[in-house]
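This report walks through one protein chain, from single residues out to the whole fold. Keep the structure in view while reading.

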Amino acid sequence: MAITRAVSRAIGRCELTHLERKPIDAQRATEQHEQYEACLRGLGCEVQSLPEEPELADSVFVEDAAVVLDEVAVVTRPGAESRRAETASVARALEPYRELVRIEAPGTLDGGDVLQSGRTLYVGRTARTNDAGIQQLAKLVEPRGYKVVPVEVRGCLHLKTAVTQVGENMLLVNPQMVETGAFGGAEFVEVDESEPTAGNALLIDGTVVYPAAYEKTLRRLEQQGIKVAAVDVSELLKAEAGVTCCSLVFEKH
């Protein structure tokens, strides 16, 4: 199952932390997002697309609204106040599939700061996710058999801007943004130095969905024998986004 949401017509006024603002073509962004959804369907996902939220500029980035595990879905409290209204509709969409629990004030947590590897959740300390949010997440998931590991992040919006899973024990990483030693015995593919924001990839059943714009890092992935499905998300990248941001992918049961 992949939950997505249509691009908001207000995406041009999205929150930005590290990138310089550039004009975003909302129509082109919508077309690219539809191609992204088609890619997910091609990889076997049942796509449930939520309707546009025209007043919520960042609402296409549904990943930040929840952390979906096999046993439970954690509804987040986004670090950007302008994004907190996004969680209600995502929670309603998840309710048929998972028990829901929530991050409460003063905690903040963005789903983009949570990287799951087996029963370990690596959680980035960022401008969007604070210690109270990390502590609440640990209290919610550790009784269900998960381990929460805080990770220091520098120079980027979310943990998953810097590092994502591209194989069973392999991570794509920008080592300038996170310390690789934080991730135990994982193997690493490093992004090309000319593509510092290329660390975001979406692994689905052995295939990595990946932005076509990062050609050099894409070649590195392929050289590792990784199967890559390249997608053009150039307009969404201007919103400090990536390919994990635009969906919540989980097993339906």
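Aspartate 205 is exposed, because its relative accessible area of 69% lies over the 50% cut-off. The model is predicted, and the values below are computed from it. Aspartate 205 sits in the loop between strand E12 (202-204) and strand E13 (207-211). Its phi is positive, about 45 degrees, although aspartate 205 is not a glycine.

**Backbone exceptions**

Most residues other than glycine have a negative phi, and most peptide bonds are trans. Aspartate 205 departs from the phi pattern with its value of about 45 degrees. Glutamate 240 also has a positive phi, about 65 degrees, and is not a glycine either. The loop between helix H6 (234-237) and E15 holds glutamate 240. Is glutamate 240 buried or exposed? Glutamate 240 counts as buried, because its relative accessibility is 13% and the cut-off for buried is under 20%.

A cis peptide bond runs from alanine 105 to proline 106, with omega near 10 degrees. Proline 106 belongs to the loop between E5 and E6.

**The loop between E5 and E6**

Glycine 111 is found in the loop between E5 and E6. At 3% relative accessibility, glycine 111 is buried. Which residues does glycine 111 touch, not counting those up to four places away in sequence? They are Glu63, Asp64, Ala66, Val67, Thr76 and Lys160. Aspartate 25 lies elsewhere: its C-alpha atom is separated by 25 Å from that of glycine 111, and the two residues are 86 apart along the chain.

Aspartate 110 is in the loop between strand E5 (99-102) and strand E6 (114-117). Its salt-bridge partner is arginine 128.

**Salt bridges**

Side chains of opposite charge can pair when their charged atoms come close. The structure holds 16 salt bridges. Three of them are listed here.

| Positive partner | Negative partner | N to O distance |
|---|---|---|
| Arginine 5 | Glutamate 53 | 3.6 Å |
| Arginine 128 | Aspartate 110 | 3.7 Å |
| Lysine 238 | Glutamate 235 | 3.1 Å |

Take the pair of arginine 5 and glutamate 53, joined at 3.6 Å. This pair links distant parts of the chain, 48 residues apart. Arginine 5 is in strand E1 (residues 2-5). Glutamate 53 is in the loop between strand E2 (47-50) and strand E3 (66-68). Arginine 5 is buried, with a relative accessible area of 1%. Glutamate 53 is partly exposed, at 24% relative accessibility.

The arginine 128 to aspartate 110 bridge has its closest N and O atoms 3.7 Å apart. Arginine 128 lies in the loop between strand E7 (120-125) and helix H3 (131-141), and aspartate 110 in the loop between E5 and E6, so the pair ties together parts that are 18 residues apart in sequence. Are these two partners buried or exposed? Both arginine 128 and aspartate 110 are buried.

The third pair is glutamate 235 with lysine 238, at 3.1 Å. Shared partners extend it: salt bridges join Arg28, Asp232, Glu235 and Lys238 into one network. Glutamate 235 counts as buried, at 5% relative accessibility. Lysine 238 is partly exposed, with 26% relative accessible area.

**Helix H2**

Helix H2 spans residues 87-94 and is mostly covered. How many of its 8 residues are buried? The count is 6. They are Thr87, Ser89, Val90, Ala91, Ala93 and Leu94. The elements that cover these residues include E1, E2, E3, strand E4 (72-75), E5 and strand E15 (248-249).

**The whole chain**

The chain has 6 helices and 15 strands. Its radius of gyration is 17 Å, which agrees with the value near 18 Å for a compact globule of 253 residues. The C-alpha atoms fill a box of roughly 45 × 40 × 35 Å along the principal axes. Buried residues make up 56% of the 253 residues.

Among contacts with a separation of 6 or more, 68% are between residues 24 or more positions apart. The exposed area is about 11000 Å², and carbon and sulfur atoms supply 45% of it. The chain carries 27 positive and 39 negative charges, and the mean positions of the two sets are 2 Å apart.

Terms used. Residues numbered from 1 in each chain as written. Predicted model: local features only at pLDDT ≥ 70, side-chain atom pairs only at ≥ 80, totals over all residues. Heavy atoms only, no water. Helix = DSSP H or I, 4+ residues; strand = E, 2+ residues; numbered from the N terminus. Rg over C-alpha atoms; globule rule 2.2 N^0.38 Å. Buried < 20%, exposed > 50% of the residue type's maximum accessible area, 1.4 Å probe, protein only. Contact = heavy atoms within 4.5 Å. Areas by Shrake-Rupley, 256 points an atom, 1.4 Å probe, with all protein chains shown as cover. Lys, Arg positive; Asp, Glu negative; His and termini not counted. Charge placed at Lys NZ, Arg CZ, Asp CG, Glu CD. Salt bridge = Lys/Arg side-chain N within 4 Å of Asp/Glu carboxyl O.
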